[in-house]
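Hi everyone, thanks for making time. I'll take you through one protein today, so have a look at it first.

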Amino acid sequence: MASTHPSSLLLPTQIPDKRFGNENGVVKKSRYSSLSLASSSSSDEEDLVVIPSDYRLGIEFLLVGTLLGQIPYVKWVLGLPIALLGVLFCVQASRIRFVFSKESFELRMGGDELNNSGENIVVGGDNVWTYDSFVNWEFFPKGWIDQPQGPILAYFKETQTPSDQWNTGPGKFANEEEKIRIGISVPGQVHFFPAICNTKMLRDEFQKRDCAKL
C-alpha cells in the first residue's frame, strides 16, 4: 500500500514562482525545511497508538496443556500441542505489536522497536489497512472480551486487499454467497489473529476510528 510520507508534503523541490526561489523558480533545501521534516516525522510517531501485549492467552493454553499432560495418552494428543500453542502465543505477544496511526491499522514486529512486519504471509502486501477499508470486526468467542479469561481470536474484514484474493484461505467461507445474501456477512478479505494484545483497548480504538462493523 502506498504510504503518504511527510517529506512528500513538506519538501517540494520545485515551485514555479520566482518569489520563492532563484531566477528559475527552484527552491534549495534549507535548514528550515529539514527541521520541518524532522518535526513532522516526530509528530507522526507521537500520534501512534500501540496496543499493549497480553500474555493471558498463552499462559492459559500452557496451563491447560500442562493439566492435560497428566492424563495418559491424552497428553500426546492434546496436552503437548496445546502447551506448544501456549508457548507460541507468548512468543508472538512479545514480538508483535498492533498499531493505530492517523489513517491506518498496522501490524509491526520486533516488540517496542516497531519494525516493519513485511508482507502478509497469506495474501501478500503490507500489513497496513486504512480504517475506511474495514467492513467488519469481532472477537471470538463472542462475549468473552468482557470476561476474565478474555477472547481467543480477534477478527477483521477489509476491502483494501485486491478482490481476487478475498477467497484465499478462510475467506472462501467468510464470503459465501448465501451468508452475504442474508446479511450476516459482507464481501472482503478476512483476517484472524490470536488475542495476544489488550483486546478491550483494541476494541476501543476500532470504535474510536469508526471502523465499520455489522
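Before we start, a quick bit of vocabulary: when I sort residues by class, Ala, Val, Leu, Ile, Met, Phe, Trp, Tyr, Cys and Pro count as nonpolar, Asp, Glu, Lys and Arg are charged, and the others, Gly among them, are polar.

Okay, this is a predicted model. The average pLDDT is 82, and 78% of the residues score at least 70. Residues 1-42 are another story: pLDDT stays under 50 there. Where pLDDT is low, please don't read the predicted coordinates in detail.

Now the overall build. You're looking at 7 helices and 8 strands. Of the 214 residues, 36% are buried.

So what sits inside? The largest nonpolar core has 27 residues, and the ones touching the most other members are F98, F105, F134, L202 and F206. Several elements each supply at least two residues of this core, including α3 (56-68), α4 (74-95), β6 (134-140) and α7 (199-208).

Let's zoom in on F134. Beyond its neighbours within four places in sequence, F134 is in contact with F105, W129, F156, K157, E158, F206, C211 and A212.

Last stop, the cavities. How many of 30 Å³ or more turn up in the whole structure? Just 1. The largest cavity has a volume of about 30 Å³. Its lining is made up of D54, R56, L57, Q149, G150, P151, A195, C197 and T199. Using those classes from the start, that lining has 4 nonpolar, 3 polar and 2 charged residues.

That's my tour, thanks!

How values were computed:
Residues numbered from 1 in each chain as written. Predicted model: local features only at pLDDT ≥ 70, side-chain atom pairs only at ≥ 80, totals over all residues. Heavy atoms only, no water. pLDDT = per-residue confidence, 0-100. Contact = heavy atoms within 4.5 Å. Core = buried A, V, L, I, M, F, W, Y, C linked by side-chain atoms within 4.5 Å. Buried < 20%, exposed > 50% of the residue type's maximum accessible area, 1.4 Å probe, protein only. Helix = DSSP H or I, 4+ residues; strand = E, 2+ residues; numbered from the N terminus. 1 Å grid on protein atoms, 1.4 Å probe; cavity = no way out; pocket = protein on both sides within 12 Å on 5 of 7 lines; lining within 4 Å. Points joined across faces, edges and corners; volume = space filled by probe spheres on them.
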